[in-house]
Amino acid sequence: MRDQKKFKKMIHRSRDSLFSDVVKRYLRNPAAVIGGVILLVIVFVCIFANVLVPEELVTAYDAGAMLSPPSAEHWFGTDNLGRDLFARVIYGARITVGIGVGATLVSLVIGAAIASICALFKKADLVIMRVIDVVTCVPSILLALVLLAIMGGSVLNMMVTLTIVSVPGFVLRIRSVLLGVVDQDYIHAARVSGTRPLKLVLRHILPNAIDPIIVDATMTISSMMLSAAGLSFIGVGVAPPAPEWGAMLNYAQDYFKTAPYMALFPGAAIALTALSINLVGDGLRDALDPKTGK
Amino acid sequence: MMQAMQNEKEFKQNHYFLEAEELTMHFPAKSDGLGRPVSWIHAADAVSFRVPKGKTLGVVGESGCGKSTVGKMLLNIYRPTSGKIYYEGTELTGLSAKERRPYAKRMQLVWQDPYSSLDPRLRAGDIIAEGIDNFHLASSAAQRRERVEQLMTMCGLFPEQAANYPHQFSGGQRQRICIARALATDPEFIVCDEAVSALDVSIQAQIINLLKDLQEELSLTYLFISHDLNIVHFISDEIIVMYLGQIVERGTMEKVYQNRAHPYTKALFSATPAFTPAEKQRKNRMILEGDVPSPVDPPQGCRFRGRCPYASKRCEEEPGWHEVESDHFVRCHLFD
Amino acid sequence: MEQQKPLLEVIDLSVDFRMDRRTLLHAVRHVSFHVNPGETLGIVGESGCGKSVTCMSILKLNPERRTVYPTGQILFEGRDLMRMPPKQLSAIRGNEISMVFQEPMTAMNPLFTIGDQMMEVLRIHDHRMERSKAYKMCLEAIARVKIPNPERIMKSYPFTLSGGMRQRIMIAMAMVTKPKLLICDEPTTALDVTIQAQVLDLMNELKQEAGTAIIFITHDLGVISEMADRVLIMYGGRVCEAAAVDELFTHPRHPYTMGLIDSRPSPDYQGDRLRMIPGSVPTLKDMPEGCPFNNRCQYATGACGETFPDFACASEGHTVACHHWKTTPENG
């Protein structure tokens with residue numbers, strides 16, 4: 001009898017019951033939980049960097065301790081200019097993770113919106129595809145260089161540039177996934193039941209296309225972080241004193257033999273971030289699919 | 001305006017509440033470099049029929065004959081290339097999307113494949129409630145829940161299963177969900193597109209009985225599309241036989257069954273395997289030569305002539321309609 | 001009564017599928033039957049009844065790593081295929097026993113022409129066969145399945161042919177080695193009725209010509225009654241009834257067989273509603289104890305939920321596995 005009541009309560013779905021289902025399934029996956037914890041720590045570090053380490057340390061030159069290995073004073077050692085690497089890695093998280101995640105999220109949303117229009121309306125699709133053909137003719141590195149040269153190097157401009165460069169790719173990839181979903185019977189069925197295009201996209205099409213999109217997005221975050229690093233290295237990216245992880249790796253190249261820790265810590269930070277994002281992505285994909293687990 | 005009202009009255013008198021007039025659907029098959037089609041798939045060509053109110057019109061034919069296309073045109077999934085659809089005297093094909101919307105509530109579809117026609121990410125209850133939400137048919141969450149429970153019970157499901165996902169149901173139960181979803185908006189007319197073909201034999205009978213029960217209870221009208229003649233024979237009051245996008249024979253079910261006129265209808269009935277010994281004895285088999293031709297640029301004249309054992313010179317011309325008996329028509333030169 | 005020695009004898013075959021470390025699904029349980037030379041045996045059942053798995057077991061084509069055969073013997077002309085070394089078995093496969101599958105498109109490689117694929121089958125079994133001889137044999141085989149212009153077909157790719165054509169080609173490929181036994185798994189389910197009639201007709205003709213025995217698997221009672229000499233009804237991994245085809249359709253004794261026959265609308269049926277079997281087809285995971293049909297059977301009693309009934313001989317060559325076969329009303 002109590003079961004019956006419980007069932008009846010469950011019949012009326014509300015947003016949070018669907019959400020709690022996803023959470024339950026997510027928590028059942030240990031790898032995803034570990035990835036999630038690491039990512040939470042990284043996000044925590046990003047937000048509370050100034051609480052953990054005083055900001056002055058990022059650019060404070062310690063002429064007496066250039067290229068010193070990790071010690072109690074400098075946990076991660078110091079670089080060629082005597083700056084504390086621990087502080088730089090901590091503050092670098094804000095820049096690198098911020099650029100990667102921010103640019104990916106923005107371009108994902110824009111890309112998904114354009115792709116949905118393509119999937120639903122044939123005529124718009126024709127026009128949009130031709131525009132994208134033209135845009136993709138320009139090499140993306142060249143486009144990024146030009147944009148950054150015009151706007152000047154700053155964290156915000158870097159994000160805007162990476163977003164512009166990666167939107168066409170997102171549109172193409174998401175569109176091909178959506179086209180597969182749009183022709184499914186249950187989409188037609190929802191239409192016959194009177195579902196309007198916007199609801200159709202949000203409730204039926206995107207949720208069923210989410211797996212490849214999430215995998216795609218998580219991969220993109222790491223590649224965005226690397227692109228940011230590459231652009232910084234060329235000198236059009238984030239300006240030098242800023243502790244961008246990729247840029248730090250690039251400085252470390254010259255001292256790789258004498259001071260390997262200079263590359264080790266930013267490198268490990270990039271790898272750890274990418275790994276945790278990928279684990280979370282995999283976990284989300286499984287958790288969003290009601291077929292996994294009971 | 002007066003004319004329209006007159007029409008409407010007439011339709012109601014005749015009990016034909018849905019009429020298709022010269023419905024034609026051509027899909028582009030091949031395109032040239034600029035995306036302009038150079039050849040067309042003739043999915044349906046000048047298909048006209050009337051659906052009697054509260055009855056079942058069976059549509060039979062083999063794959064590629066356009067029977068599903070016809071159903072999808074009626075429900076606005078495909079926009080017909082030409083032709084008109086009248087619903088109780090109103091011409092649906094002339095309406096704007098906004099004007100057409102109320103009719104979406106009154107016409108529904110049950111799909112062939114109960115596996116691909118349910119959104120795998122939604123719970124059964126929400127799938128069924130989709131139409132209720134879209135047309136704001138429930139004023140409160142409690143009312144919505146009540147309606148979903150009522151629909152599920154009506155279709156032989158347990159209301160407790162509303163919280164389950166589609167993959168947790170068997171094929172037959174999934175088809176019941178599809179039917180419940182179709183009924184959610186209180187429709188008058190339902191297109192059943194091969195609604196039992198994907199199911200196991202013992203489950204097919206359950207679904208057919210359910211459809212019949214619902215028809216009586218809610219005075220529904222069905223367009224029952226199937227390739228299975230035995231099932232169409234059992235469920236339909238009237239029948240149309242389609243071949244390569246055209247109707248070749250139409251009439252009341254019993255008359256067409258007893259007195260098959262078109263050579264294709266004869267072949268179709270004889271090809272349907274019989275399993276009772278009595279039936280087997282009665283049957284004279286007629287096996288057709290060759291394959292169904294491609295619907296891309298179909299043959300001129302009678303489309304069946306390439307496979308017809310009685311084909312002659314005159315079949316190169318388009319055949320006209322002939323009355324075999326009252327309420328039974330055939331499109332074949334043999335009846336000239 | 002049968003004096004001749006059966007061509008194939010399946011004795012007490014069980015097949016389990018290992019899902020993970022703890023679950024073992026019983027797909028087929030204690031199935032026995034035989035096929036006489038030149039005979040068509042029909043196996044009928046709904047999804048998950050084990051009909052395909054049974055036949056795949058004959059050639060050991062079930063997914064190897066997941067399949068366990070706890071009991072059973074499969075005797076083909078007296079040789080036990082179950083315990084045969086893989087090399088010997090693959091010599092029999094496709095040579096003495098051939099198969100035709102439901103979906104002819106997936107059974108062919110879209111990158112090679114029909115001719116290449118057919119000749120390959122021949123040359124796998126006889127490496128020394130000359131190309132010209134193989135070519136000639138294939139042409140003959142295609143001509144035998146009544147396809148006009150075999151030379152053109154040999155040069156075309158699978159996707160350019162219609163479904164009916166492809167299924168004929170599959171039959172031609174299966175018959176090219178002149179097998180003694182042909183296993184057909186739902187060969188006409190994907191085809192239109194008029195094409196199905198052509199293919200069935202062709203198969204009957206070929207069978208008479210070559211004297212090949214056929215095991216014909218289907219869910220379609222109509223097809224089986226036109227094709228088979230004897231019929232095996234399967235449900236939930238068990239055989240529940242076996243009889244000659246006319247006997248089975250006129251005097252079914254198992255409640256499941258009766259339900260199955262009744263639930264098909266026949267043109268002679270006058271009622272307003274179809275008679276139906278309640279409930280749904282059980283999956284392997286929730287197969288009931290005892291007789292697998294007991295939860296849907298109107299005659300079921302306590303005993304049905306405990307033990308699977310022994311086979312009883314209802315009449316000459318007609319066996320039935322039901323606790324209550326004597327008391328159920330006989331259909332006529």
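Why does C:Met137 count as partly exposed? In this predicted model, C:Met137 has 17 C-beta neighbours inside 10 Å, and therefore falls in the partly exposed class; a buried residue would need 20 or more. The residue sits in helix α4 of chain C, which runs over residues 131-144. Once residues up to four places away in sequence are set aside, C:Met137 touches C:Leu122 and C:Val176. Another methionine, C:Met118, is 19 residues away along the chain, and its C-alpha atom is separated from that of C:Met137 by 9.5 Å.

Buried nonpolar residues are the next topic. The largest nonpolar core has 258 residues, and the members that touch the most others are B:Ile128, B:Ala180, C:Ile215 and C:Val231. Helix α5 of chain A, residues 85-120, gives the most to this core, with 17 residues. For B:Ile128, the contacts outside its neighbours within four places in sequence are B:Val148, B:Leu151, B:Met152, B:Ile177, B:Ala180, B:Arg181 and B:Ala184. B:Ala180 thus appears both in this contact list and among the core members that touch the most others.

Chain B as a whole contains 11 helices and 12 strands. Its C-alpha trace spans about 70 × 55 × 50 Å along the principal axes. The radius of gyration of chain B is 21 Å, which agrees with the value near 20 Å for a compact globule of 336 residues. Of the 336 residues in chain B, 49% are buried. Among contacts in chain B with a separation of 6 or more, 65% join residues 24 or more positions apart.

Chain B also meets chain A, in a contact that takes 34 residues from chain B and 22 residues from chain A. On the side of chain A that touches chain B, helices α1, α9 (185-192) and α10 (197-234) each supply at least two residues. The most comes from α9(A), with 7 residues. By class, this side of chain A has 9 nonpolar, 9 polar and 4 charged residues.

Confidence varies along chain A. The mean pLDDT of chain A is 82, and 92% of its residues reach 70 or more. Within chain A, confidence is highest in helix α8 (residues 155-182), at a mean of 91, and lowest in helix α1 (residues 2-11), at a mean of 42. Over residues 1-16 of chain A, pLDDT stays under 50, and the model has 18 contacts beyond four places in sequence for this stretch. Helix α1, with its mean of 42, is also one of the helices supplying at least two residues to the side of chain A that touches chain B.

Notes. Residues are numbered from 1 along each chain as its sequence is written. Chains are lettered from A and ligands numbered from 1 in the order in which they are written. This is a predicted model: local features need pLDDT of at least 70, side-chain atom pairs count only at pLDDT 80 or more; totals for chains, interfaces and linings use all residues. A nonpolar core is a set of buried Ala, Val, Leu, Ile, Met, Phe, Trp, Tyr and Cys residues joined through C-beta atoms within 7 Å. A residue is buried if 20 or more other C-beta atoms lie within 10 Å of its own, exposed if 12 or fewer, and partly exposed in between; C-beta atoms are placed from the backbone. Helices (H or I, at least four residues) and strands (E, at least two) are DSSP runs, numbered from the N terminus. Two residues are in contact if their C-beta atoms, placed from the backbone, lie within 7 Å. pLDDT is the predictor's confidence in each residue, from 0 to 100. Ala, Val, Leu, Ile, Met, Phe, Trp, Tyr, Cys and Pro count as nonpolar, Asp, Glu, Lys and Arg as charged, and the others, Gly among them, as polar. The radius of gyration is taken over C-alpha atoms; the globule rule is 2.2 Å times the number of residues to the power 0.38.
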